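I opened this notebook to record what I looked up, beginning with a sheet and ending with the ligand.

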Amino acid sequence: MSQKEIPYKIYLEEQEMPKQWYNVRADMTNKPAPLLNPATWQPMTAQELGKVFCDELVKQELDDQNPYIDIPVEIRNFYKMYRPSPLVRAYCLEKKLQTPAKIYYKFEGNNTSGSHKLNSAIAQAYYAKKQGLAGVTTETGAGQWGTALSMACAYFELDCKVYMVKVSYEQKPFRREVMRTYGASVTPSPSETTAVGRKILEEHPGTTGSLGCAISEAVEAATSTEGYRYVLGSVLNQVLLHQSVIGLETKAALDKYEIVPDIVIGCAGGGSNLGGLISPFMGEKLRGERDYKFIAVEPASCPSLTRGRYVYDFCDTGRVCPLAKMYTLGSGFIPSANHAGGLRYHGMSSTLSQLYADGLMEARSVEQTAVFEAAQQFAKVEGILPAPESAHAIRVAIDEAIKCKETGEEKTIVFGLTGTGYFDMKAYERFNNKEMVDYIPTDADLEAGFAGLPQK
Ligand SMILES: *Cc1c(COP(=O)(O)O)cnc(C)c1O
């Protein structure tokens, strides 16, 4: 254990920031299963993927051999505007909990998009620009990804078309306006601008939309417009790769003070922040150099890891995307209206799914009221108002710290604080009014989702 005084915030020097991303798949013995073409159940080729995604990103998606991939200098320069992000020692929280545990959090909310999503958005926009494309399309639910992508596209002067789930478009006008300020066009989904949107509107007039439907529209808009490609903010291997910058910085900052974590915790929606945070630590574990405990935290209302099936499924409700082998609740599963919009995804990154299947990572599900209690407890002593998604990780970090209090163990806990919650005040209002409910799907609810799994 180091004798050095640990500062409240550990920052890296600019020259200590990572110059390469780390690709954890390179160190995995059991590689994540490949994406399949749903028509043939054969692995998607680079050529097939290239119709939807940028060429360089397709290369990254399919690369499970190279452990390190250079971060282009243009992306590193952008990172410098808001990175390194601080690794904070939660001294006040430790004191409040009276725990012997040492708690650290990596804070990714220090940019206008308010979350870690900018780390991948800037990379994806860069490769689109480099390929000479005119623009990109995407979907956004709660709005964090759309905001991050709008910022990234503005920087590289790319057109950005965002399909925003209609209910969010109406309920989160401020997020919408941030995107428009950065020059993105924001269309409430389902819309009349695509064939799939018109079809859905005809079948379900008055629908307020869903993420799955917005994905289908964004993919159609990309593949039917010359010079456009589709980009995705989570789930894919390439996104986990870009997000490894979180884990690399965390590890470098800890190494600086000779701190070795025992437990690393992150919330898991599609798995990108968690995958990015744990990657370099997982690499050590996979290579047999060190052991860590990793915990993925998901909402009890959308429990893909803890109650899902590990099978091939569609990545989207509209069933236009390839099949991925992952822990899934079924692409038709509609989670209840949990306030952590970023965690309402039916599946999980295929990389994290494989690591979980191999027993290298644990998973826990938590109920939303308990999550908001943890968010409030954290906000009161650490000053930051967390995103509801991030508060899932806070919940389990606090639970683990309380366990240490009972056993007297001085464990070192690191968790990812993915973002701020300023656009989630409706959710906090519910919590403050004691109107928040916890909904846990029944086994019968889950069976209905599994019934829609694709059959070979
Ligand atoms: C999108 C989002 C998440 C969940 O996405 P992952 O890909 O699982 O990381 C978590 N926290 C915040 C703040 C988000 O915006």
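Entry 1. In which sense do strand 6 and strand 9 pair, and over how many bridges? I note beforehand that the model is a predicted one. I found that strand 6, residues 135-140, pairs with strand 9 in the parallel sense, over 3 bridges. I then looked up V136 and found that its bridge partner in strand 9 is R229.

Entry 2. I next looked up the sheet to which this pair belongs. It is an open sheet of 4 strands in the order 8-7-6-9, and the pairing is parallel. Strand 8 (185-189) and strand 9 (228-230) stand at the edges; each has a single partner strand, so one side of each is left without a neighbour in the sheet. On average, neighbouring strands of this sheet are turned by 25° against each other, direction ignored.

Entry 3. I asked which helices lie across these strands. Helix 6, residues 144-155, lies across strand 6 and strand 7 (159-165) and runs at about 165° to strand 6. Helix 10, residues 211-223, lies across strand 6, strand 7, strand 8 and strand 9, and runs at about 170° to strand 6.

Entry 4. I turned to the ligand. There are 18 residues around it, of which K117, S234, G269, S272 and N273 come nearest. I recorded the shell as 4 nonpolar, 12 polar and 2 charged residues.

Entry 5. I looked up polar side-chain atoms beside oxygen atoms of the ligand. For S234 the distance is 2.5 Å, for S272 it is 2.7 Å, and for H116 it is 3.2 Å. On its own the ligand has 380 Å² of accessible area, and the protein covers 98% of it.

Technical notes: Residues are numbered from 1 along each chain as its sequence is written. This is a predicted model: local features need pLDDT of at least 70, side-chain atom pairs count only at pLDDT 80 or more; totals for chains, interfaces and linings use all residues. Side-chain values use heavy atoms; hydrogens and water are left out. A residue is near a molecule or strand if one of its heavy atoms lies within 4 Å of it. A polar contact is a pair of N or O atoms within 3.5 Å; within protein, one must be able to donate a hydrogen and the other to accept it, and residues adjacent in sequence count only if both atoms are side-chain atoms. Accessible areas come from the Shrake-Rupley method with a 1.4 Å probe; for residues, only the protein chains shown count as cover. Ala, Val, Leu, Ile, Met, Phe, Trp, Tyr, Cys and Pro count as nonpolar, Asp, Glu, Lys and Arg as charged, and the others, Gly among them, as polar. Two strands pair if DSSP finds at least two bridges between them. Helices (H or I, at least four residues) and strands (E, at least two) are DSSP runs, numbered from the N terminus. Axes are lines fitted to C-alpha atoms, for helices over the stretch in contact, and angles run from 0 to 180 degrees between N-to-C directions. Contact means heavy atoms within 4.5 Å.
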